[in-house]
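Student: I'd like a close look at one part of this model, and then a walk outward from there. Can you take me through it in one go?

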Amino acid sequence: MTGMTIAAELAEQVTRALADATDVATLRAVESGAFPAEAWAALDGLGLAAALVAEDHGGAGLGFQDAMPLIEALGRAGAPVPLAEAIAASALLAAAGITPPEGTLTFAAAGARVPCARHALHVALADGATVALYAAGALRIEPGTNIGREPRDTVAVTGAPVAQGTLPNAWGSEAALLLTALIRAAQIAGAMQAALALAVEHANTRKQFGRPIGRFQAIQQQLAVFAAESSAVSVAAAAAARAADQRGLANAAFEIGCAKITAGEAAARGAAIAHQVLAAMGITEEHALHHYTRRLWAWRDEGGSERFWSARIGQAAQQGGALWPFLTSRDEESAA
Amino acid sequence: MTGLRFDLRDPPPGAAALRAEVRAFITEQESRWTPEVRARSWMGFDRDFTRAVGARGWIGMCWPKAYGGGERSFLERLIVLEEMLAAGAPVGAHWIGDRQSGPLILRLGTEAQRAKFLPKIVTGDYAFCIGLSEPDSGSDLASLRTRADRVEGGWKLNGRKIWTTFGHLCDWMIALVRTSAPPEGGSKHQGLSQMLVDLKAPGVTIRPIRDLVGEEGFNEITFDDVMLPDDALVGQEGAGWAQATSELAFERSGPDRYLSSHPLLEASLDALRNDASAAPALGRQVARLWTLRAMSTAVAGMLQDGADPVRQAALVKDLGNDFEQALPHAMRGLMDVDAMPETMRRLHDYLTQITPTFSLRGGTREIMRGIIARELGLR
């Protein structure tokens with residue numbers, strides 16, 4: 001329970017820091033290729049990158065589930081800074097016995113595009129269970145973007161790593177994929193909350209036929225669906241994170257996959273509803289909505305799409321015998 | 001939007017052992033259940049099965065021992081419910097009494113009412129139904145017209161209830177009726193009361209209504225000068241609306257709102273176990289099921305803590321109904337009906353016909369979404 005209180009406090013801190021240091025203009029700047037240094041400095045000052053690193057290694061020692069509200073909060077602001085990446089990368093490095101470096105840090109599975117590599121001082125690359133930490137100078141970076149116009153760069157190794165280590169079995173050989181799926185699921189939950197708030201605000205102010213359109217049941221019913229999907233993603237991300245805390249990241253692949261499928265499907269449904277409610281205004285560059293919806297569409301594909309995960313989850317279920325015993329055998333009992 | 005917040009809950013200590021115990025019990029019983037019985041889920045009425053469940057202590061699990069209950073936690077009860085529904089057990093004879101009527105009597109009934117009704121719900125001797133809908137009052141429930149008038153020694157009941165599931169097989173109904181006119185210019189939600197009605201009493205006429213499957217599951221029940229004793233009133237006179245709606249979180253958040261089609265998912269998975277092309281579609285269903293289960297368990301935890309998560313319950317019901325309703329069509333997309341093994345096909349056929357009820361019973365989809373919209377600050 002204490003852990004959850006800390007988690008709520010951290011999320012609140014992040015929300016405040018982001019509100020002070022970022023706005024829609026920040027998202028525009030990020031999308032035009034700038035690095036929001038002030039926002040990064042404000043958040044970096046909170047020391048959150050080491051949130052998941054054990055206390056005896058200088059971190060806050062939080063669990064994955066504790067970190068989810070914080071990462072949702074980042075998503076609510078459109079994730080203008082790669083803090084979720086820094087948090088996950090630090091955890092990954094620490095698990096491989098490498099001390100996480102100070103400053104901007106990101107990560108990816110070897111071969112995958114790297115979020116914000118061009119802005120990072122260090123990049124952690126995981127090839128199976130082997131994690132290598134590179135300084136920016138040891139990498140050749142070819143800039144790219146996702147449909148949220150966030151930096152997603154292709155990286156080629158040109159020099160030696162600063163450090164290298166091996167992940168323990170509990171983290172497995174897919175840790176980078178699983179971490180990406182988990183943080184994107186939580187960010188999707190947050191971005192959905194932001195898009196929903198914009199849609200509700202619009203529905204309560206935009207008048208047609210002499211009254212706010214939010215008075216019409218057709219609009220209410222759609223936004224209710226959006227809210228339900230948004231809640232589902234929050235719960236799914238938290239439940240997957242809990243499984244990772246209880247059984248280790250590698251053994252929570254099933255839950256993380258389920259959460260990512262739920263998040264991806266909900267992201268599509270929510271974005272479509274938000275645009276329907278905001279109509280032409282939501283399509284304009286000027287309106288904030290598209291910064292969230294384009295991220296929602298992009299994040300569906302990072303850390304494994306619905307297609308990728310549903311094939312794996314389906315296969316696991318096909319091989320798992322009767323479904324109900326298979327699902328319930330993954331429950332962890334709470335302590336007495 | 002605090003009304004849409006969910007806090008995760010872990011299964012209680014001893015969960016796995018309890019689950020195994022229920023599963024072993026089901027294994028002894030399930031050979032008698034046809035695919036249609038399983039597809040009926042909690043709409044399957046089998047008094048003998050209910051008595052056997054009661055003998056194991058799995059009805060009224062959370063009620064005080066003084067009334068035959070088990071004083072177990074809400075989360076332990078959830079395990080029993082999940083196992084029963086996942087197997088398609090015919091739990092209908094005790095479902096309403098255990099889920100709604102018993103808890104209502106426990107919370108608001110008199111000591112005499114508790115002592116009279118709860119032990120018999122626990123044993124399966126009293127089966128309850130709910131008297132809400134009327135021919136002219138569905139979603140606009142507060143417009144109902146059945147009335148109970150004060151008379152010497154009790155109440156005189158007149159009116160009509162409809163769509164009452166198993167009314168013809170049950171012993172008691174808790175009916176929401178009008179006991180006084182709404183105040184001038186006031187809300188029609190005032191002046192309603194909840195009444196215990198003995199369905200064997202003179203003046204009660206029960207007419208089964210054949211449904212689209214060809215079965216007689218629900219009924220029209222007419223009350224013609226039915227005499228109710230003084231102590232038929234549950235709770236406070238005139239407070240029936242608030243009493244009835246306060247139970248909604250219990251009614252709407254349970255696994256009965258997303259597991260109604262589950263036996264078909266199991267049968268489909270069995271039939272498609274070696275079909276690699278079916279894996280993605282199955283995986284999507286499994287992921288959704290997993291998410292819904294986490295949400296429903298979270299609501300059970302909130303209920304255990306004494307919170308009133310009525311909005312979360314509406315939200316889980318809406319998402320869950322969508323899932324259980326879409327399942328037969330999704331499975332049909334993976335295998336032609338003629339190619340389905342017999343059990344799968346019979347589950348599919350029955351569920352295809354009955355799934356429209358899932359987003360009607362317990363409050364329609366539109367009502368659920370209206371509740372969520374209000375929480376969002378719309379309307």
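Student: Let's zoom in on E71(B): does E71(B) count as buried, partly exposed or exposed, and what is its relative accessibility?

Tutor: Keep in mind that this is a predicted model. E71(B) comes out at 49% relative accessibility, and because the partly exposed class runs from 20% to 50%, it counts as partly exposed. The residue sits in the loop between α3 (47-55) and α4 (74-87) of chain B. Its backbone deserves a glance too: phi of E71(B) is near 50°, a positive value in a residue other than glycine.

F166(B) makes a handy partner for that. Its phi is also positive, at about 60°, and F166(B) is not a glycine either. You'll find F166(B) in the loop between β3 (154-165) and β4 (172-178) of chain B. Here, though, the relative accessible area is 8%, so F166(B) is buried.

Back to the stretch around E71(B). UniProt, in an unreviewed entry, has the annotation "domain: Acyl-CoA dehydrogenase/oxidase N-terminal" over residues 17-125 of chain B. Over residues 17-125 the chain is 66% helix and 0% strand, with the end C-alpha atoms 28 Å apart. For chain A, the record lists residues 12-87 under that domain name, again from an unreviewed entry. Residues 12-87 of chain A are 58% helix and 0% strand, and their end C-alpha atoms are 17 Å apart.

Now for some salt bridges in chain B. E82(B) pairs with R19(B) at 2.9 Å, N to O. That links helix α4 to helix α1 (residues 15-29) of chain B, with the partners 63 residues apart. E82(B) is buried at 2% relative accessible area, and R19(B) is buried at 6%. R40(B) and E215(B) form another salt bridge, their closest N and O atoms being 2.6 Å apart. This one joins helix α2 (residues 35-40) of chain B to the loop between β6 (204-209) and β7 (218-229), across 175 residues. R40(B) is partly exposed at 24%, and E215(B) is partly exposed at 23%. Then there's D256(B) with R99(B), at 2.7 Å, N to O. D256(B) is in the loop between α8 (248-252) and α9 (262-271) of chain B, while R99(B) is in helix α5 (residues 92-108), 157 residues away. Both D256(B) and R99(B) are buried.

Over in chain A, salt bridges with shared partners tie E31(A), E85(A), R149(A), E150(A), R152(A), R184(A), R294(A), R295(A) and E302(A) into one network. N146(A) touches two of its members, R152(A) and E302(A), as well as R113(A) and A298(A). The side chains of N146(A) and E302(A) make a polar contact at 2.8 Å. A polar atom of the N146(A) side chain also lies 2.9 Å from the backbone nitrogen of G148(A). N146(A) is in the loop between β5 (139-142) and β6 (152-157) of chain A, and at 7% relative accessibility it counts as buried.

Finally, the interface. 55 residues of chain A are in contact with 54 residues of chain B. The two chains bury about 4400 Å² between them, 63% of it on carbon and sulfur atoms. There are 5 salt bridges between chain A and chain B, including D331(A) with R293(B) at 2.7 Å, N to O. The count of residue pairs in polar contact across the interface is 18. On the side of chain A that touches chain B, α7(A) gives the most, with 17 residues. That side divides into 28 nonpolar, 16 polar and 11 charged residues.

Terms used: Residues are numbered from 1 along each chain as its sequence is written. Chains are lettered from A and ligands numbered from 1 in the order in which they are written. This is a predicted model: local features need pLDDT of at least 70, side-chain atom pairs count only at pLDDT 80 or more; totals for chains, interfaces and linings use all residues. Side-chain values use heavy atoms; hydrogens and water are left out. Contact means heavy atoms within 4.5 Å. Buried area is the accessible area (1.4 Å probe) that two parts lose on being put together, summed over both. A salt bridge is a side-chain nitrogen of Lys or Arg within 4 Å of a carboxyl oxygen of Asp or Glu. A polar contact is a pair of N or O atoms within 3.5 Å; within protein, one must be able to donate a hydrogen and the other to accept it, and residues adjacent in sequence count only if both atoms are side-chain atoms. Helices (H or I, at least four residues) and strands (E, at least two) are DSSP runs, numbered from the N terminus. Ala, Val, Leu, Ile, Met, Phe, Trp, Tyr, Cys and Pro count as nonpolar, Asp, Glu, Lys and Arg as charged, and the others, Gly among them, as polar. UniProt positions are given in the numbering used here, feature names are shortened, and annotations may be inferred rather than shown by experiment. Buried means under 20% relative accessible area, exposed over 50%, partly exposed in between (1.4 Å probe, protein chains only). Lists of a residue's contacts leave out its neighbours within four places in sequence.
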